[in-house]
Amino acid sequence: MHKYVIKRLLMLIPVIVGVSFLVFFIMSLAPGDTARMILGDDAPIEAVEALREELGLNDPVLVRYAHYMLDLLHGDLGTSYKSNRPVFSEIAARFPATFRLSFWGMLFAVALSIPIGIISATRQYSIADSISMVLALLGVATPNFWLGLMLIIAFSLNLRWFPSGGAEGWKSLVLPVITLGTGCMANITRTTRSSMLEVIRQDYIRTAKAKGVSHSKVINKHALKNALIPVVTVIGLQFGALLGGAVLTEAVFAWPGLGTYLVNSIKAKDTPAVLGCVIIFSICFSIVNLGVDLLYAYIDPRIKSKYK
Amino acid sequence: MSAERTKKRSMAVEIWQRLLRNKMAMLGLVILVALALSAVFADVIADYDTKVVAQNISERLQGPSAAHWFGTDEFGRDIFARIVHGGRVSLVVGLISVSVSLLVGGSLGAFAGFYGGRVDNVIMRVMDVFLAVPSILLAITIVAALGTNLVNVMLAIGVSNTPNFARIVRAAVMGVKDQEFVESARAIGTSNTEIIFREILPNCMAPIIVQSTLSVASAILSTASLSFIGLGVQPPDPEWGAMLSSGRNFLRDAMHLTLFPGLAIVVTILALNLLGDGLRDALDPRLKQ
Amino acid sequence: MRKLVSVLIAGAMCVSLLTACGGSSGPSSSGGADSGAAAEGSGAGSAQAVGSSMINIGIKADLTSLDPHNHNDTISAYATRHIYNNLVKLMPDNTFAGNLAESWEFKDDVTVEFTLKEGIKFHNGETLTSEDVKFSLERQKESPKVGHLVSMIDSVEVVDDTHFIIHMNTPSNALISSLNHSGCAIMCKSYVEGLEAEGKTVEDAPMGCGPYKFEEWNPGASFTLVKFDDYFDPETAAQNDGLVFKVIPEESARTIALETGELDMVIDLNTTDANRVRDNASLALDECDSTHVEYLALNVEKAPFDNKLVRQALNYAVKKDDIVIAAIDGEGDPFHNYIGTAAIGYYDTAVDYEYNPDKAKELLAEAGYADGFTFNCYLAGEIRARSATIIQANLAELGITMNIEQMEASTFYERTGKGEHDSCIAGWVANAEPDNTYRPLFISANAGAGGNRSFYKNPEVDKLVDDAAVNRDPAAVQKDYETILQTVSDDAIWVPLYTKKGLVARNKDLQGFVISPISMHDFYGVHY
């Protein structure tokens, strides 16, 4: 098992190299005038040219990539074109906020959606099941900006219970967490429900029931554990996506996270900043996915035997 | 040979008959057919030039009325007509892009889950790489490299969702591949590919169906952000995602701008969900009477 | 000391948060006039809040840099223009007055003698001298971001502590207005050299002689400035305890934060919310004419826009009234000129083509395009897409098909710079120097990436722009600009669309704010 974890962590290296290579070339392929974006409309052409030269944008792509990878080897994520500051410190300033929001958003979603999913499955086609389905579908089809603004109008503007934005104190966390969580809930609830249904029908559950094991014990002990694999997968995927930044939620709640930073950097064609974010994300995703894979092993010992 | 074909046909008939007995699934099917018909006959329901793109600034942002069932947008255009016509794009983009990621991601995930070991490692690490590339960046690149048509929209959305499907199918396959029916198929000499697609996948449809139906909603929503970077639908053509997102500024004054396209998406995925659930039941080998 | 101040600020924020949650009607501030109510609603934070008046200002994006030589954007300038001072400042009547400079005098076309005010203190207690000015301007010349503003400066000669001479390498009318730009902030030589010797940057601890000291910056969230007590000029000294700029990207959320009292002011109010603010008894809306022009640039190198008649026809065909409503909710005016009314360098000599589709049809027929044609229109951003949608419908009535192509701003710059477009929608906000508007927009050398997206090449206009830049006779300069406006509008290289109002929303009890047409707002006078 330890070996497996170490092996997977070592696999981070090719993933990072792959991601940085891909994104670097994507960024150099995509049209966009970085220097002009930084200097604005009114700077003369000579100033734009000079900045382009200073940023090294006139060098061939491969040369720039080589420079970048050399710096990366030394643990240096480079300097943002736009702000002229180290990318690492820019990301470090924003990552904690992103993590906080994703973590609580995910916790909120999981805490609510797994029980709801189980109830829906055990009472398939009941009213509770139908209501939970409609709510889940509303949740997934509602854009975050819409739900976020509605919550702000209701709870900040009218009731004055929570601040409308910012990231100071637990109160500021409530509305963005609900907004983010609702989007994730739909997926987890539905997956829990359908996996539960799948498992409930399997022979060994029927056998257990026939043997007279109590209903709730069957559900909690036998059914749930086996239904967990797809659920854990979905949670992992959603958590990964949240760590990559929840751009719309961040914008609505003025949450100083990485999503906004990444999108602004992509727009400005700030290659070092984009690469920095993407590398951090790939590490996050890889770790989350490794965690998910380890959970599989914990849930299903047959899978465990394959991790060597 | 002909016996085999007859057997296959009778199986399809059986599945269809089971589906027919499921009322909720039938409701879903009816809604989907209605949506599809309204998209196909959009021009009959509302004329494009006089209803969908015709502006009337003096009637902008009006709420629902007899003349405009769903109200008017910021240009005074009829929202009902725009939703009917928008379905042409949104339904196609939603369904096809999800099919693309399901096919590609699903197959990769199935192989990774089935074979495990090195195959798994290579496929899933490549998926990790794609997971880390922001979808907007991917879309910008596709515009730059391939142009801005609708096919590329589906490609952009499809590719960015592929790793998700790979992970979900892989997990599902890992969960069932050691069960007895797989062993017995292997024992009678069935090929690996056949085992994956004939034996394993039909037995792990549940999470796949959930993921697919829900992804249609997010695919439709993301077409809006793509049209801002020039990929896909451009003004004045209607499309649900873009209608939702352009209503964002008017949320407090004219909520119907976002409400109706939002409901259109909800109804679509509701129908898909109902049908998907029914289909899963109908396909479930364990439920054969 | 810094700790204490941040405790004070935290206390103030805490109070504003608590009052905001306390169900009080109408916006309440974190102190000042409302401090009584605030003290009642809170508890712990109230003691600090009394007498503290931090002004919370909502902005749409974060700053990029606290080093005045490392940015060229409005939002960063909100910070640097309050931390640093310039030699001169722009007055509301569009003239320039001394700021750090007591006076200046043109000795000849390329030599200007400056006198500094005596005894001006930096935030660290050091006294401003000519050496600091020389250091700052020379450091600026090295900057790729704002160096071009002082490219006319050849050298700075220090005479004594308060006297220096700027030698220019070419005659220029832009020197004084440039010195008012945020990039020409005056920094403290010994301090900056000390910082850099320690391996730090100006960003880490910006320090100048402005009315505010830098307090903190939370990237992506907010930045805070606090009052500098030893500020030299009572007239422009801070009348509040400090400024907290809060980044709220979502337009509606920014307005809501003002309504709940979390903010005292919102800069660049969303046009959709203007009436909401007007209707709210506890809020006020400051409006001004701006120097902004929104326009459809026609690429004169592409057929059929190489034909002046077609370009003029488009000017007659577009219903600007509808655009003002659909794009900016009526918070501006239809416009026919090529530079905003509030700008220095605005003259009313542009040809006004009034909406007249019949006339447009006639011109098109005359040009041989009676059956219309098809062209593309590049643009970036939602508001421009709305303008384009109206234009598209207007032109469709004449049988002309306009294909809208939206793209990212950086893509837009690159592709229009290369001249791939038939037309594009762009906007321009003139600053205090007319040459910074006329030169990029209209001269041949700037065709494409330089800003002249019509690819208009007229040697006549080039000559006039060059003359206006250096001619010391104001009447001649005016004549130059009047002729340019007349020429380009007659050539109809654009379809000017509208000019948007400057909109700043604030608590109605907040006083002393003067809105700036070029978004160079000063916040030192703001108080309850």
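**Exercise 1. Surface and dimensions of chain C**

What is the accessible surface of chain C, and what share of this surface belongs to carbon and sulfur atoms?

*Solution.* The structure is a predicted model. In that model, the accessible surface of chain C comes to about 18,400 Å². Carbon and sulfur atoms hold 48% of that area. As for burial, 62% of the 528 residues in chain C are buried.

Next, determine how the fold of chain C is built and whether its radius of gyration agrees with the globule rule.

*Solution.* Chain C contains 17 helices and 19 strands. Its radius of gyration is 25 Å, and the globule rule gives 24 Å for 528 residues; the two values are close, so chain C is as compact as a globular protein of that length. The C-alpha trace spans about 75 × 60 × 40 Å along the principal axes of chain C. Turning to contacts with a separation of 6 or more, residues 24 or more positions apart account for 69% of them in chain C.

**Exercise 2. Charges**

State the numbers of charged side chains in chain C and the distance between the centres of the two sets.

*Solution.* Chain C carries 41 positive and 79 negative side chains. The centre of the positive set and that of the negative set lie 2 Å apart.

**Exercise 3. Salt bridges**

Over all chains, the count comes to 48 salt bridges. Characterise three of these pairs by distance, location and burial.

*Solution, step 1: a pair within one helix.* Asp128(B) and Arg125(B) form a salt bridge with an N to O distance of 3.0 Å. The two residues are three positions apart in helix α6 (residues 117-132) of chain B, which means that about one helical turn separates them. Asp128(B) and Arg125(B) are both buried.

*Step 2: a pair across chains.* Between Arg252(B) and Glu259(C), the closest N and O atoms of the salt bridge are 2.7 Å apart. Arg252(B) belongs to the loop between α12 (240-246) and α13 (256-283) of chain B, whereas Glu259(C) sits in helix α8 (residues 251-260) of chain C. Arg252(B) has 23% relative accessibility and is therefore partly exposed. Glu259(C), with 9%, falls under the 20% cut-off and counts as buried.

*Step 3: a pair between distant parts of one chain.* Lys302(C) and Asp422(C) meet in a salt bridge of 3.7 Å, N to O. These residues are 120 positions apart: Lys302(C) is in the loop between β13 (292-298) and α10 (308-317), and Asp422(C) is in the loop between α14 (409-417) and β17 (423-429) of chain C. Lys302(C) is partly exposed at 26% relative accessibility, while Asp422(C) is buried at 13%.

*Step 4: a network.* Salt bridges also link Arg8(A), Asp293(A), Asp120(B), Arg167(B) and Arg170(B) in a network.

**Exercise 4. Backbone geometry**

Where do the cis peptide bonds from Pro235(B) to Pro236(B) and from Ala303(C) to Pro304(C) lie?

*Solution.* The bond from Pro235(B) to Pro236(B) has omega near 10°, and Pro236(B) lies in the loop between α11 (205-228) and α12 of chain B. For the bond from Ala303(C) to Pro304(C), omega is near 0°; Pro304(C) is placed in the loop between β13 and α10 of chain C.

Then describe the setting of Asn84(A) and of Asp329(C).

*Solution.* Asn84(A), although not a glycine, has a positive phi of about 70°. Its loop runs between α5 (61-73) and α6 (87-122) of chain A, and at 45% relative accessibility Asn84(A) is partly exposed. Asp329(C), also not a glycine, has a positive phi of about 50°. Asp329(C) occupies the loop between α11 (320-328) and β14 (332-334) of chain C, and its relative accessibility of 16% makes it buried.

Methods:
Residues numbered from 1 in each chain as written. Chains lettered and ligands numbered in written order. Predicted model: local features only at pLDDT ≥ 70, side-chain atom pairs only at ≥ 80, totals over all residues. Heavy atoms only, no water. Helix = DSSP H or I, 4+ residues; strand = E, 2+ residues; numbered from the N terminus. Rg over C-alpha atoms; globule rule 2.2 N^0.38 Å. Buried < 20%, exposed > 50% of the residue type's maximum accessible area, 1.4 Å probe, protein only. Contact = heavy atoms within 4.5 Å. Areas by Shrake-Rupley, 256 points an atom, 1.4 Å probe, with all protein chains shown as cover. Lys, Arg positive; Asp, Glu negative; His and termini not counted. Charge placed at Lys NZ, Arg CZ, Asp CG, Glu CD. Salt bridge = Lys/Arg side-chain N within 4 Å of Asp/Glu carboxyl O.
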